[in-house]
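Colleague: Hey, got a minute to walk me through this one? I'd like to start with the pockets.

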Amino acid sequence: MRTRFHLIHLVTGVLIAVFLGIHMVRSHLDSILGRDDPTSWESMMSRATDGLWVALYIALLAVALYHALYGLRGIILELTSSARAARVTTWCLIAIGIAAFGWGTYVPIHLLSV
């Protein structure tokens, strides 16, 4: 079971690179080519109300949260030797991840309905 979670951790690292690459190209290549200012309000709102971009940003949030929190869990578990501390750490990080995901997806989903 542990190996499966570690494999997911590795896959999410690759997905972060892919999703961030897409985001960086879309957000900054147009400004390099002189077509559009990616930081203008109109440009940001057009991306924020496009379902494909919202899905990309939510997917990026999900994989980044998993990758970061699983990595943090591994670091914390190296410092503790107790099985109880490992369980408490795991459940606390799961709760933090769920709360952060809920908070992070509220705005993009809300902007889709506007």
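**Pocket and surface**

Modeller: Sure: the largest pocket holds about 410 Å³ of space. On a 1 Å grid over the protein atoms alone, a pocket is an open set of points where a 1.4 Å probe fits, with protein on both sides within 12 Å along at least five of seven lines. The volume is the space filled by probe spheres set on the points, which are joined across faces, edges and corners.

Colleague: Which residues are closest to its centre?

Modeller: Tyr66, Leu69, Tyr70, Leu93 and Ile94, out of 15 that line the largest pocket. Lining residues have an atom within 4 Å of a point. Helix H1 (2–32), helix H3 (51–79) and helix H4 (83–113) each give two or more residues to that lining. Helices here are DSSP runs (H or I, at least four residues), numbered from the N terminus.

Colleague: Can I trust all this?

Modeller: This is a predicted model, where local features need pLDDT of at least 70 and side-chain atom pairs count only at pLDDT 80 or more, while totals for chains, interfaces and linings use all residues. Residues are numbered from 1 along each chain as its sequence is written, and side-chain values use heavy atoms, with hydrogens and water left out.

Colleague: New topic: is threonine 89 buried or exposed?

Modeller: Threonine 89 is buried, because its relative accessibility is 13% and buried means under 20% (exposed is over 50%, partly exposed in between, with a 1.4 Å probe and protein chains only). Threonine 89 lies in helix H4.

Colleague: How far is its C-alpha from that of valine 25?

Modeller: They're separated by 37 Å, and the two residues are 64 apart along the chain.

Colleague: And what about histidine 67?

Modeller: Histidine 67 is in helix H3 and counts as partly exposed, at 25% relative accessibility. Its C-alpha is 9.5 Å from that of histidine 6, although 61 residues separate them along the chain.

Colleague: Last one: where is valine 18?

Modeller: Valine 18 sits in helix H1. It's partly exposed, with a relative accessible area of 42%.
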